[in-house]
Protein chains: 2
Amino acid sequence: MIEPSLALYGETFEKVEQHLDELLAATGVRYCLLVDRKGFVLSHKEALWAPRPPALDSVATLVAGNAAATGALANMLGESTFSEQIHQGEKGVLYVESVGDSALLTLIFDSSVPLGRVKVYAKKTIAVITGLLKTLQDVPAVSFDQSFSTSASALLDDLLG
Amino acid sequence: MIEPSLALYGETFEKVEQHLDELLAATGVRYCLLVDRKGFVLSHKEALWAPRPPALDSVATLVAGNAAATGALANMLGESTFSEQIHQGEKGVLYVESVGDSALLTLIFDSSVPLGRVKVYAKKTIAVITGLLKTLQDVPAVSFDQSFSTSASALLDDLLG
């Protein structure tokens, strides 16, 4: 089964949400998505005034797929990856930036929003979120020690006679 | 067989090359490619000081493929297409902009080149090239009229007795 490469939960999740909220408020961006490299939505926020958002799950999948697909193009030009991608449409802009190795920050906003401001605030937010995600990865894996093993054996012996 | 959707030749080709040369000189861009939507290179130019270019054919194919692939994403956000795409790497930038419905202007340049200047000059060049490509499409198709038909029949009758 395909699972998100990151499990964002608890206190860290709330902190990330708070930073995304601040980013929305500071820039005037319409939707804000934190997407796993595999295409899972880790967190999303929309502006209060924003109308019904597009299908964010599908957007996340396409964004992650596109980021992976442009990797070949990046390598061809001697880059390891494109850290920042801007797709400019007639009415709006889709802005995708790498958050460490495991996630992508996706911002959707109107063409009237100044791109420079979005870039500055996005980079600030990304620096913070990268740190937060790192703490998640540093959580020690659950380890089953000798005493667990003996007590589990004892329990099984007890159960099965 | 897959063929380019545009045949760029003769006087028009020379004019396009000249405009691309001017674009390179004005912006400090490293490589400049005019790519068919199907991935064919219609014309390309590199700066005199630029080192050996990457495999431009492959870049063109990937750029065209990527432009087509992001169409789904554009539709999902209520856009007909993303007219402008910027891929920012560590050292360089890949800039792709639509030239009418049939071609893409691809610029590859170092991060030190001001993006604003590239955008302004690219838009100017694109306006001109769009006009030039339009004249190509307006060329009347070769038509075989009645007199051609009768003379061809006569020739065949003559040949085959």
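Biologist: Why is T125(A) called buried?

Modeller: In this predicted model, T125(A) has a relative accessible area of 8%. Buried means under 20%, exposed over 50% and partly exposed in between, with a 1.4 Å probe and protein chains only; T125(A) is therefore buried. The residue is found in helix α3 of chain A, helices being DSSP runs of H or I with at least four residues and strands runs of E with at least two, numbered from the N terminus. T125(A) touches H19(A), L20(A) and L23(A), leaving aside residues up to four places away in sequence; contact means heavy atoms within 4.5 Å.

Biologist: Which conventions govern the numbering and the values?

Modeller: Residues are numbered from 1 along each chain as its sequence is written, while chains are lettered from A and ligands numbered from 1 in the order in which they are written. The model is predicted, so that local features need pLDDT of at least 70, side-chain atom pairs count only at pLDDT 80 or more, and totals for chains, interfaces and linings use all residues; side-chain values use heavy atoms, leaving out hydrogens and water.

Biologist: What confidence does the predictor give chain A and the complex?

Modeller: pLDDT is the predictor's confidence in each residue, from 0 to 100. Chain A averages 89, and 97% of the residues score at least 70. For the complex the ipTM is 0.78 and the pTM 0.81.

Biologist: What makes strand β4 of chain A mostly covered?

Modeller: Of the 8 residues in β4(A), which spans 92-99, 8 are buried. G92(A), L94(A), V96(A) and S98(A) point one way, and V93(A), Y95(A), E97(A) and V99(A) the other way.

Biologist: How do you know that β4(A) and β5(A) pair?

Modeller: Two strands pair if DSSP finds at least two bridges between them. There are 8 bridges between β4(A) and β5(A) (residues 103-110), in the antiparallel sense, so the criterion of at least two is met. Y95(A) stands opposite L107(A). On the other pairing, β3(A) (residues 84-88) and β4(A) share 5 antiparallel bridges, with Q85(A) opposite V96(A).

Biologist: What is the order of the strands in the open sheet?

Modeller: The 10 strands run β2(A)-β1(A)-β5(A)-β4(A)-β3(A)-β3(B)-β4(B)-β5(B)-β1(B)-β2(B), with antiparallel pairing. The edge strands are β2 (41-46) of chain A and β2 (41-46) of chain B, since each pairs on one side only, pairing being defined by bridges.

Biologist: How do you know that the span of α3(B) agrees with its number of residues?

Modeller: The expected span is 1.5 Å times one less than the number of residues. For the 23 residues of α3(B) this gives 33 Å, and the end C-alpha atoms are 32 Å apart, which agrees. Helix α3(B) (residues 115-137) lies across β1, β3, β4 and β5 of chain B, at about 30° to β4(B); axes are lines fitted to C-alpha atoms, for helices over the stretch in contact, and angles run from 0 to 180 degrees between N-to-C directions. Among its buried residues are A122(B), T125(B), I129(B) and L133(B).

Biologist: How much area do chain B and chain A bury between them?

Modeller: Buried area is the accessible area (1.4 Å probe) that two parts lose on being put together, summed over both. For chain B and chain A this is about 2,500 Å², 63% of it on carbon and sulfur atoms. In chain B, L73(B), M76(B) and Q88(B) lose the most area to chain A, together 21% of what that side buries. The contact joins 29 residues of chain B with 29 residues of chain A.
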